[in-house]
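Grab a pencil and open the viewer. Let's work through a few exercises together, one step at a time.

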Amino acid sequence: SEEKTFAPYEEYRFEQTIDVPEILDEDDVSVEFYLWDGPDTLRPETGAIKQKINNTNPIITINDTIVGEGVNQIQYFGDWGYSNNEMCYFSDNHWTNDSTRYCILTFEGIQATYYGVPYNNNGIAAISVDGGEETMVDLYSPSTTPSAPMYTTPILPYGIHTLKVRVTGDKNSNSEYNWVNIDRFDIRTR
């Protein structure tokens, strides 16, 4: 593995070919990409993207801090809280309990999975794909669980799609509050 050093905030484009030893099955190959501001810190305005590539199930992970109006980015509508949380992917997440708030992930691929951190104070989120009918998803758990899949879309035709997570303000009777948190999204590209 070759280590490369880059100056902060500079744009770099590079291509690298990886030779896979014949003894490895091609499905075992994994490549990870990270955007860093320096040797120990993530670029705060971009967060981090981790991409796993293999022949059977290529996945792109979009952290909650990948914010924007483009493809494979999240738009938050209204004020959302942000905090560090060791139970989350890259130790951070966005959260709110305001029923006027929602976020939309625009992604390119065939499927998306929304991850959150189940808590005993979470509420119910309304989730829709491509502006379709909402599905109610209860994010409550009696005990705190590390980042977990909360909703996975059906397999979609390859292309650009949207996944909306809306705060309903509702909760099940066991929950203390009605929080909704966003940890990350995994995008299946084929």
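Below are five exercises on this predicted model, each with a worked solution.

**Exercise 1. How far can you trust the model?**
Find the mean pLDDT and the stretch where pLDDT stays under 50.

*Solution.*
- Step 1: pLDDT is the predictor's confidence in each residue, on a scale from 0 to 100.
- Step 2: The protein's mean is 80, and 70% of its residues reach 70 or more.
- Step 3: Now look at residues 6-54, where pLDDT stays under 50. The model has 68 contacts beyond four places in sequence for that stretch.

**Exercise 2. Hunt down the salt bridges.**
Work out which residues pair up, and whether each partner is buried or partly exposed.

*Solution.*
- Step 1: Start with the idea behind the hunt: side chains of opposite charge can pair when their charged atoms come close.
- Step 2: Your tally should come to 3 salt bridges.
- Step 3: Take Arg101 and Asp98, whose closest N and O atoms are 3.3 Å apart. Buried means under 20% relative accessible area, so Arg101 counts as buried at 18%. Asp98, at 27%, is partly exposed.
- Step 4: Next come Arg184 and Asp186, with 3.4 Å between the closest N and O atoms. Arg184 is buried at 13% relative accessibility, and Asp186 is buried at 13% too.
- Step 5: Finish with Arg166 and Glu134, which meet at 2.7 Å, N to O. Arg166 sits in strand E11 and Glu134 in the loop between E8 and E9, so this pair ties together parts that are 32 residues apart in sequence. Arg166 is partly exposed at 23%, and Glu134 is partly exposed at 30%.

**Exercise 3. Spot the positive phi.**
Which loops hold Ser91 and Asp130, and what is phi for each of them?

*Solution.*
- Step 1: Ser91 is in the loop between strand E4 (81-84) and strand E5 (92-96). Its phi is near 55°, a positive value in a residue other than glycine.
- Step 2: Asp130 is in the loop between strand E8 (124-129) and strand E9 (135-138). Asp130 isn't a glycine either, yet its phi is positive, at about 55°.
- Step 3: Check the surroundings: Ser91 is partly exposed at 34%, and Asp130 is partly exposed at 41%.

**Exercise 4. Two asparagines, one loop.**
Decide whether Asn174 is buried or exposed, do likewise for Asn178, and list what each one touches.

*Solution.*
- Step 1: Asn174 lies in the loop between strand E11 (159-167) and strand E12 (180-182). Asn178 is also found between E11 and E12.
- Step 2: Asn174 has 54% relative accessibility, so it counts as exposed. Asn178 has 16%, so it counts as buried.
- Step 3: Skip neighbours within four places in sequence, and Asn174 is in contact with Asn120 and Tyr140. With that rule, the contacts of Asn178 include Thr96, Asn121, Gly123 and Val167.
- Step 4: Zoom in on the Asn178 side chain, and you'll see it reach the backbone oxygen of Gly169 at 2.8 Å.

**Exercise 5. Into the core.**
Which residues of the largest nonpolar core touch the most other members?

*Solution.*
- Step 1: This core has 26 residues.
- Step 2: The ones you want are Leu105, Tyr114, Leu163, Val165 and Phe185.
- Step 3: Follow Phe185 outwards: leaving out residues up to four places away in sequence, it touches Ile60, Ile62, Ile74 and Cys103, among others.

Notes
Residues are numbered from 1 along each chain as its sequence is written. Side-chain values use heavy atoms; hydrogens and water are left out. Helices (H or I, at least four residues) and strands (E, at least two) are DSSP runs, numbered from the N terminus. Buried means under 20% relative accessible area, exposed over 50%, partly exposed in between (1.4 Å probe, protein chains only). Contact means heavy atoms within 4.5 Å. A polar contact is a pair of N or O atoms within 3.5 Å; within protein, one must be able to donate a hydrogen and the other to accept it, and residues adjacent in sequence count only if both atoms are side-chain atoms. A nonpolar core is a set of buried Ala, Val, Leu, Ile, Met, Phe, Trp, Tyr and Cys residues joined through side-chain atoms within 4.5 Å. A salt bridge is a side-chain nitrogen of Lys or Arg within 4 Å of a carboxyl oxygen of Asp or Glu.
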